[in-house]
Amino acid sequence: MRHQSSKVQALYEHCKTILSPSGSPPPSSQALQKLSSILDTIQPADVGLKEETADDDRGHGFFGTNALSRLARWAQPITYVDIHECDNFTMCIFCFPTSSVIPLHDHPGMTVFSKLLYGSLHVKAYDWVEPPCIIESKEPGYAQVRLAKLAVDKVLNAPCDTSVLYPKHGGNLHCFTAVTPCAMLDILTPPYREEEGRRCTYYHDYPYSAFSVANAPICDGEEEEYAWLTELESPSDLYMRQGVYAGPAIQL
């Protein structure tokens with residue numbers, strides 16, 4: 001039978017055409033806009049997903065009404081679904097049960113396109129203040145903190161437009177919290193590669209008032225727009241499992 005092109009196939013082919021392993025030279029604004037436009041059209045069924053509700057929370061079934069059952073539902077893991085990965089980009093899906101969290105983390109040197117497929121997701125994101133504003137700890141066992149500016153702090157509700165973060169703006173350091181069962185389709189370019197300096201780092205954010213600094217690079221009244229970030233070890237309680245992609249196969 002003749003292969004009928006899918007939306008995922010169109011997405012893959014456009015990514016393959018415009019994205020490079022190093023992210024340089026960057027694609028044109030028109031090419032990036034087309035990528036966002038393709039993502040905007042993708043629905044859960046296009047990638048083999050069924051939109052979940054609070055009653056089944058990602059297909060694990062309804063757990064009943066007693067307290068133990070409710071706890072079992074909220075303890076469900078985030079599911080990571082790999083669609084395609086190559087030297088140029090990663091295509092993947094994150095399926096979140098209600099109240100699950102991906103802690104504050106970065107995408108060093110990377111551009112990320114995110115399409116919320118269904119549900120509601122709270123996004124809190126920062127960008128580093130440049131030039132860097134760093135406070136070195138004078139006490140042993142305490143890490144340095146670096147100043148960042150809040151870029152996004154809102155709830156996304158599907159359907160909504162694709163969001164894009166860039167290496168230095170748009171919220172490169174972000175945290176996701178599921179308000180309802182939800183799923184996010186991501187394009188990451190270039191992909192995480194530790195040997196090439198693209199390693200995910202996790203952070204904790206402190207309010208601006210938690211530390212004092214001489215000649216602060218912000219104006220009075222803007223304190224709530226800034227935070228101090230410190231690096232953390234990879235969180236031990238990040239509960240994630242590998243899922244199986246059930247959408248249309250990509251013809252490479």
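1. The lining of the largest pocket draws its largest share, three residues, from β2, and this note on a predicted model therefore opens with that pocket, whose space comes to about 360 Å³. Of the 19 residues that line the largest pocket, Tyr80, Cys92, Phe94, Leu188 and Tyr192 are the closest to its centre. Besides β2 (90-96), the elements that give two or more residues to this lining are β1 (78-85), β3 (101-105), β9 (173-178) and β10 (182-189). In character, the lining residues divide into 13 nonpolar, four polar and two charged.

2. Turning to aromatic contacts, a search of the whole structure finds seven aromatic pairs. In one of them, the rings of Phe96 and Phe176 have centres 6.3 Å apart and planes at 90 degrees, and because planes over 60 degrees apart count as edge-to-face, the pair is assigned to that class. Phe96 belongs to strand β2 and Phe176 to strand β9, so this pair ties together parts of the protein that lie 80 residues apart in sequence. Phe96 and Phe176 are both buried, and the two strands that carry them are also among the elements giving two or more residues to the lining of the largest pocket.

3. Elsewhere, Tyr206, Tyr208, Phe211 and Trp228 are linked into a cluster by ring pairs. A further arrangement at an aromatic face involves Trp128, over which Arg146 lies at 4.3 Å from the ring centre.

4. A colleague may also wish to look at His84, which is found in strand β1, one of the strands giving two or more residues to the pocket lining. Is His84 buried or exposed? Its relative accessibility is 13%, and since buried means under 20%, His84 counts as buried. When residues up to four places away in sequence are not counted, His84 touches Tyr12, Phe89, Thr90, Met91, Ile250 and Leu252.

5. For the protein as a whole, the secondary structure comes to three helices and 13 strands. Of its 252 residues, 44% are buried, a group that includes Phe96 and Phe176 as well as His84. Among the contacts with a separation of 6 or more, 78% are accounted for by residues 24 or more positions apart, and the pair of Phe96 and Phe176, set in parts 80 residues apart in sequence, gives a concrete place to begin when inspecting the model.

Key
Residues are numbered from 1 along each chain as its sequence is written. This is a predicted model: local features need pLDDT of at least 70, side-chain atom pairs count only at pLDDT 80 or more; totals for chains, interfaces and linings use all residues. Side-chain values use heavy atoms; hydrogens and water are left out. On a 1 Å grid over the protein atoms alone, a cavity is a set of points where a 1.4 Å probe fits but cannot get out, and a pocket is an open set with protein on both sides within 12 Å along at least five of seven lines; lining residues have an atom within 4 Å of a point. Grid points are joined across faces, edges and corners, and a volume is the space filled by probe spheres set on the points. Helices (H or I, at least four residues) and strands (E, at least two) are DSSP runs, numbered from the N terminus. Ala, Val, Leu, Ile, Met, Phe, Trp, Tyr, Cys and Pro count as nonpolar, Asp, Glu, Lys and Arg as charged, and the others, Gly among them, as polar. Rings of Phe, Tyr and Trp (its six-membered ring) pair if their centres lie within 6.5 Å; planes under 30 degrees apart count as stacked, over 60 as edge-to-face and the rest as tilted. Buried means under 20% relative accessible area, exposed over 50%, partly exposed in between (1.4 Å probe, protein chains only). A charge sits over a ring if NZ of Lys or CZ of Arg is within 6 Å of the ring centre and within 35 degrees of the ring normal. Contact means heavy atoms within 4.5 Å.
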